[in-house]
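Here are some friendly notes to read with the model open on your screen. Take the points in order, and keep the side chains switched on.

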Amino acid sequence: MLPRRQDYGINRGAAARSGSLINFRSAVSSVSVRRSSAVLPSVLTFLVIVASGGLLLMIEKGMLNSVETPSPRGDGRRLDFIRQPGKRSADEVDAESQILQEIRNRTIRTVCSQKNMPHSIWSLSPPQRKTLLQHVLVNDEHRFLYCYVPKVACSNWKRVLKVLSGALESVDVNIKMDHRSDLLFLSALKPEEIRYRLKHYFKFMFVREPMERLLSAYRNKFGEIESYQKKYGVEIIKRYRKGHAKDPSITGDDVTFAEFVRYLLDEDVERMNEHWMPVYNLCQPCAISYDFIGSYEHLESDAEFVLQRIGAPPYVHFPERQTWYKPVTTETLHYYLCSLPQKLLRELLPKYILDFSLFTYPLPNTTTEHCRH
């Protein structure tokens, strides 16, 4: 039997749920401090943008009536890493990532502490709870729960789970991913079993810039997947393209991004397809106290942290990106958003405002001057 990977040593206080997200470090190295000083201006600018959008939502929902300023997380404890060959130590973790992690933690604590926000999965509506439980995967051997988000490397995480359970020999096996078989979902368990795992297991999820995730879903589903073209594409074209309401020749393979956005504007977020449903609605970060929320932008290092934290064997690694994968670049996202009628974008952003605000992503800049470049 191969030796098990050493665990990180993690000290976590048995604090209230609002402080459960992992604090990366309470202190940074002198190198990190110097680096963070260069990062702060951009972070502060970003905070103003996020706060403005989040503030509008909080005002609208009456969430500012009794908001108290969150106290700094200061239990004096820190996350200690076991140094291993080829692995990043705490002193090597990017300073900007640490700052954004802390901002994210505070934002989630503040927003989720409001009375009208869900504080457990049992306070969710039946449809909300059903969606959540169908997206949380369980591994009992390593005692963790993973809420998968489509278009945020979830296929690779499912490969990891299958390897850990013995259903797959290696994450690098060249097979088509079956997204249901050999996987245990929280929805398959009884209420008392769910409660136990929520209380005692390590819980994590991964997030991605909302518009980038949306564009990735659009390009993949309407550009490559015939079943989506037939099921959604045909309907979208008939509904939003003039003169095609009764056209029998429509195949749904040429849906424009603007047409897709118009479709999203008419959709209830709680009834959306999982590939474009907001992350907030999929994983309910107020109802579940996630111990770690990783970022697609820091996928490699965040995935390695999770693998170490759950005690995965050393031969289990996070899969490398496939050579055929076409990533959404900054330039590609810039092109699509700037080509979109700005009225549509302004109407679309409120549907994803909690994803922007809770997970520390700045609202997209599509001013005329920015788009000109």
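1. The lining of the second largest cavity is mostly a nonpolar affair: by class it has 7 nonpolar residues, no polar ones and 1 charged residue. Do keep in mind that this is a predicted model. The residues to pick out are Val136, Leu145, Tyr146, Cys147, Lys203, Phe204, Ile288 and Tyr290. Since Lys counts as charged, Lys203 is the one that breaks the nonpolar run in this lining.

2. Which strands supply at least two residues each to that lining? They are strand S4 (144-147) and strand S6 (202-207). S4 gives the most, with 3 residues. As for volume, the second largest cavity holds about 30 Å³ of space, and the count of cavities of 30 Å³ or more comes to 2.

3. Strand S6 is worth a second look for its aromatic side chain at Phe206, which forms a pair with Trp157. The ring centres are 5.5 Å apart and the planes stand at 45°, so the pair counts as tilted, a class that lies between stacked (under 30 degrees) and edge-to-face (over 60). This pair links distant parts of the chain: Trp157 sits in helix H4 (residues 154-165) and Phe206 in strand S6, 49 residues apart. Across the model, the count of aromatic pairs comes to 26.

4. Next, please look at helix H6 (residues 210-223) and helix H7 (residues 226-240), whose axes come within 8 Å and cross at roughly 105°. That angle makes H6 roughly perpendicular to H7, because 65 to 115 degrees is the range for that class. On the H6 side, Lys221, Phe222 and Gly223 take part, and they meet Tyr228, Gln229, Tyr232, Gly233 and Ile236 of H7. The residues of this contact divide into 4 nonpolar, 3 polar and 1 charged.

5. How do the axes of H7 and helix H8 (residues 257-265) cross? They come within 10 Å and cross at roughly 90°, which means that H7 is roughly perpendicular to H8. From H7, the residues in contact are Tyr232, Glu235, Ile236, Ile237, Arg239 and Tyr240, and they meet Glu259, Phe260, Arg262 and Tyr263 in H8. Here the division is 6 nonpolar, no polar and 4 charged.

6. One last thing to check on screen: Tyr232 and Ile236 of H7 appear in the contact with H6 and also in the contact with H8.

How values were computed:
Residues numbered from 1 in each chain as written. Predicted model: local features only at pLDDT ≥ 70, side-chain atom pairs only at ≥ 80, totals over all residues. Heavy atoms only, no water. 1 Å grid on protein atoms, 1.4 Å probe; cavity = no way out; pocket = protein on both sides within 12 Å on 5 of 7 lines; lining within 4 Å. Points joined across faces, edges and corners; volume = space filled by probe spheres on them. Helix = DSSP H or I, 4+ residues; strand = E, 2+ residues; numbered from the N terminus. Axes fitted to C-alpha atoms, helices over the stretch in contact; angles between N-to-C directions. Parallel < 35°, antiparallel > 145°, perpendicular 65-115°, else oblique. Contact = heavy atoms within 4.5 Å. Phe/Tyr/Trp six-rings, centres within 6.5 Å; stacked < 30°, edge-to-face > 60°.
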